[in-house]
Every structure is written in structure tokens, then in C-alpha cells.
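Here are a few notes to help you find your way around this one. Have the structure open while you read.

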Amino acid sequence: RSKAQFDALRFSWVGSAMRETGMGVVAAKAPATTIEEMKQTEVFFGATGPETDPAMNARLLNDLIGTKIRVINGYKGQPDEFLAVEKGEIHGLFMSGWSGPGRAYVREQIPHGRLKLLVQMAMVGDPEHRDTPTILDITPARDRPIVEMLLTRLELGRPFVAPPGVPADRLDLLRAAFRQAMGDPELLAEAAAQKLAIAPTWGAPARDLVAKMYATPGADLERIRKIVRVAP
């Protein structure tokens, strides 16, 4: 049971700078490079720890889709995991954030035939990679509510929130300022220079996403807990 001492619905949601996307990445020379192949052939993915999103994504695909992805935990971070893929220690990894610098690295490797995209762990995939399926594209209809619950929070990406009880007129001002900032040419230029993506979610839709997660039926929550939690 969660030990969180707050109600996320009470926060004043200003917005999020980025709708985050998780991405499965695999070495082009791996023994299996597609979801269908991974249902038949075991592959090894890296992660920093068993309770991280990348490790959870592997359990999610194994449970819902029937892949055979084994996770090797203990890597210090994404750069070490990419190095391990290059050295052949592991076959791939799940990137928990596609908007960061790792995105540029992967895109540089794909044309050289070193890396391939496996699956997008997102409600809506990156429009620049429409040929890579999202997990919703390959999930049976009966399991879609499970995936939607786990991935909805990615839509919140990198959120900005104000405390509970902010007066409506002040919250409107904060949201307007956030919208203006997200369209500022200088900010966008700086993000482009650092190869960071900007894809905002506005305040009211962000709050609606949180409400949707809180409304998840109990039966689905139990299934989700079994996927998220690490077996003792």
C-alpha cells in the first residue's frame, strides 16, 4: 500500500513541459530484435534496479505480450547501459525518458545499423517514429486498461504544480504564464541546442489525467500491483 501522505487531485496543476515517452531499444545484432522474435528467444536488458520503470516495462511486456526479456540490474545509469549494449553484455534497454540526451544518441546509432527501436512505451508515440509500434498497438484489448493506467503518468512527463488551495484567478495566471513560457523562442532555441524535446501538457488536461488514474477500478489495480511490485 502506498505511504504517500498527499492527494494528488488537490494540487494546482500548472502543466508539464514534456509528454514523456519510454522507448525500448535493442542492438541490431541481438538474437531477437522484434517483439514477435522475443516471444520465442530470450534477451537480456539492463536496468539500474528492479523497481525502476525500465525493469517494470520488461515485466509488463513479459506478462501481457509474452516476451522473454530478462533484466540485469545494477547498472549506474543509461550511459553505462548503452556501453554494455555496445560491448555485447546485454542486448538492449528500456529508456524511461525519450526527451533527454539519450534520444539524440540512439538516433545517431540507428543509421549506422547499431541500434533499433523495439517499442514505444507511451499512449501516443513519437510522430517521428511512426513505424515503431506503441505498446497499446500490440496489447490485447482486455489488457489495455492496465497499460493505460501505467502509462498515463508519462503524459504528465515533467510537471509543474502549485500547492493545494491556490485561488482560481491566480492559478489561471500561472497557467497562462506557463503557456507563454512554453512558446518562448529563446526557450525553444535553448532546448533545441541541448537536443531536448518540448511537448507541453496544459494544466486542466494534466489534472484530468490524474483524476483518470485515481478512478482506476480495483480489479485492474490488483493486476497492476503484481506487475509493478518485485517478487520477494
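1. A word on naming before we start: helices here are DSSP runs of at least four residues, numbered from the N terminus. Keep in mind that this is a predicted model. Helix H3 spans residues 78–87, and right after H3 comes Gly88, with a positive phi near 85°.

2. Which residues of H3 are buried? They are Glu81, Phe82, Ala84 and Val85. Looking down the axis of H3, you'd see these buried residues within an arc of 155°, so they line one face of the helix. Pro79, Glu86 and Lys87 are exposed, on the face turned away from the buried side.

3. As for what covers the buried residues of H3, the list includes strands S2, S3, S5 and S6, along with helix H4.

4. Now have a look at Ser12, in strand S1. Ser12 counts as buried because its relative accessibility is 6%. A polar atom of the Ser12 side chain sits 2.8 Å from the backbone oxygen of Pro163. Beyond its sequence neighbours within four places, Ser12 has contacts that include Phe160, Val161 and Leu171.

5. There are 4 aromatic pairs. In one of them, Phe45 and Phe94 have ring centres 5.3 Å apart and planes at 50°, so the pair is tilted. This pair joins strand S3 to strand S5, across 49 residues. Phe45 is buried, at 1% relative accessibility, and Phe94 is buried at 1% too.

6. Phe160 and Phe178 also make a tilted pair, with centres 5.4 Å apart and planes at 50°. Phe160 lies in strand S7 and Phe178 in helix H7. Phe160 is partly exposed at 43%, whereas Phe178 is buried at 7%. Together with Trp202, they form one aromatic cluster.

Notes
Residues are numbered from 1 along each chain as its sequence is written. This is a predicted model: local features need pLDDT of at least 70, side-chain atom pairs count only at pLDDT 80 or more; totals for chains, interfaces and linings use all residues. Side-chain values use heavy atoms; hydrogens and water are left out. Buried means under 20% relative accessible area, exposed over 50%, partly exposed in between (1.4 Å probe, protein chains only). Helices (H or I, at least four residues) and strands (E, at least two) are DSSP runs, numbered from the N terminus. The arc is that of the directions from the helix axis to the C-beta atoms. Contact means heavy atoms within 4.5 Å. A polar contact is a pair of N or O atoms within 3.5 Å; within protein, one must be able to donate a hydrogen and the other to accept it, and residues adjacent in sequence count only if both atoms are side-chain atoms. Rings of Phe, Tyr and Trp (its six-membered ring) pair if their centres lie within 6.5 Å; planes under 30 degrees apart count as stacked, over 60 as edge-to-face and the rest as tilted.
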